[in-house]
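Me: I'd like to go through this model and ask what lies behind the labels people put on it. Could you set each value against its cut-off for me?

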Amino acid sequence: YNKALDLGIKPDFKFYAARGSGFFSNNDMDAAVKDFDKALQQKPTFIPIRQLRGCAYQNTGQYAAAVADFTEILRQQPEHFETYLQRGHAYLAKGDHSSAISDFNHAIGLGRDHYEPYYGRARVYFNKNEYKQAFEDFNTAINLKPDVPDSYQYHGIIHMMNMKLDEAIAD
């Protein structure tokens with residue numbers, strides 16, 4: 001891309017979207033955001049690039065900016081399952097528990113049998129010290145996808161807190 005620029009290419013949406021995706025893949029989130037900004041100036045409603053920019057913001061701890069991008073996607077596509085998950089995780093990272101639960105509930109309500117909204121909601125309940133609800137959601141997450149170690153880890157912690165040592169060890 002840099003050589004193309006040196007040779008006088010006029011960067012367009014595809015250029016910035018592709019180079020930004022490359023930066024994203026190489027974990028250079030700041031450069032990715034700059035290119036995604038330029039791409040979105042040309043096509044502000046292009047959801048895949050906005051999604052990547054939101055993830056880049058989230059990866060760098062810029063949760064408010066991530067939430068803003070994910071909210072804009074949901075304004076355009078109100079039933080975008082993945083975006084509810086991503087925004088829910090951004091809210092969780094910000095400590096906005098009620099918004100996180102709302103997004104995970106909405107994702108669950110979309111009717112997909114997917115472990116992640118249950119896992120995300122369980123993490124919120126765990127952080128709020130609401131261990132009974134967390135335990136139930138971790139159970140659901142484990143039943144839906146039994147090969148995710150984090151669900152078992154939190155499940156085991158809750159068992160340990162309840163002095164159920166054999167169950168904790170098994171998890």
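Reply: Sure, and keep in mind that this is a predicted model. Let's begin with helix α4, residues 47-59: it has 13 residues and reaches 18 Å from its first C-alpha to its last, close to the 18 Å expected at 1.5 Å a residue.

Me: What makes α4 largely enclosed by the rest of the structure?

Reply: Ten of its 13 residues are buried, so that description follows. Buried means under 20% relative accessible area, and the residues of α4 that pass are Ile47, Ile49, Arg50, Gln51, Arg53, Gly54, Cys55, Ala56, Tyr57 and Gln58.

Me: And which helices do the buried residues of α4 pack against?

Reply: They pack against α2, α3 (29-42), α5 (63-76) and α6. Ile49 gives a closer look: leaving out residues up to four places away in sequence, it touches Phe13, Ala17, Ser21, Phe36, Ala39 and Leu40. Just after α4, Gly61 takes a positive phi of about 80°.

Me: Which residues touch the most other members of the largest nonpolar core?

Reply: Ile49 again, along with Phe24 and Phe138, in a core of 45 residues. Helix α8 (residues 115-127) supplies the largest share of this core, seven residues. As background, nonpolar side chains tend to be buried together in soluble globular proteins.

Me: Over to α2. Which of its residues are buried?

Reply: Phe13, Phe15, Tyr16, Ala17, Arg19, Gly20 and Phe24. The helix covers residues 13-25, and its 18 Å from first to last C-alpha is close to the 18 Å expected for 13 residues. Just after α2, Asn27 has a positive phi of about 65°.

Me: How do you know that Phe15 and Tyr16 count as buried?

Reply: The cut-off is under 20% relative accessible area. Phe15 comes in at 6%, so it counts as buried. Tyr16 is at 13%, so it is buried too.

Me: Why is the pair of Phe15 and Tyr16 called edge-to-face?

Reply: Two values matter here, because a pair of aromatic rings is described by the distance of the centres and the angle of the planes. The rings of Phe15 and Tyr16 are 5.4 Å apart, centre to centre, with 85° between the planes. Ring centres must lie within 6.5 Å to pair, and planes over 60 degrees apart count as edge-to-face, so both conditions are met. A search of the whole structure finds four aromatic pairs.

Me: What makes you say the charged end of Lys43 sits over the ring of Phe13?

Reply: It is 4.7 Å from the centre of that ring, and the distance limit is within 6 Å. There's an angle condition as well, within 35 degrees of the ring normal, and the contact is listed as a charge over the ring.

Me: How do you know that the span of α7 agrees with its number of residues?

Reply: At 1.5 Å a residue, its 13 residues (97-109) should span 18 Å, and the end C-alpha atoms are 18 Å apart, so the two agree. Its buried residues, among them Ile101, Asp103 and Phe104, pack against α6 (81-94) and α8. Gly111 follows α7, with a positive phi near 85°.

Me: Last one: how many helices and strands does the chain have?

Reply: Eleven helices and zero strands. Of its 171 residues, 42% count as buried. Carbon and sulfur atoms account for 49% of an accessible surface of about 9,300 Å².

Note on methods:
Residues numbered from 1 in each chain as written. Predicted model: local features only at pLDDT ≥ 70, side-chain atom pairs only at ≥ 80, totals over all residues. Heavy atoms only, no water. Phe/Tyr/Trp six-rings, centres within 6.5 Å; stacked < 30°, edge-to-face > 60°. Buried < 20%, exposed > 50% of the residue type's maximum accessible area, 1.4 Å probe, protein only. Core = buried A, V, L, I, M, F, W, Y, C linked by side-chain atoms within 4.5 Å. Helix = DSSP H or I, 4+ residues; strand = E, 2+ residues; numbered from the N terminus. Contact = heavy atoms within 4.5 Å. Areas by Shrake-Rupley, 256 points an atom, 1.4 Å probe, with all protein chains shown as cover. Expected span 1.5 Å × (residues − 1).
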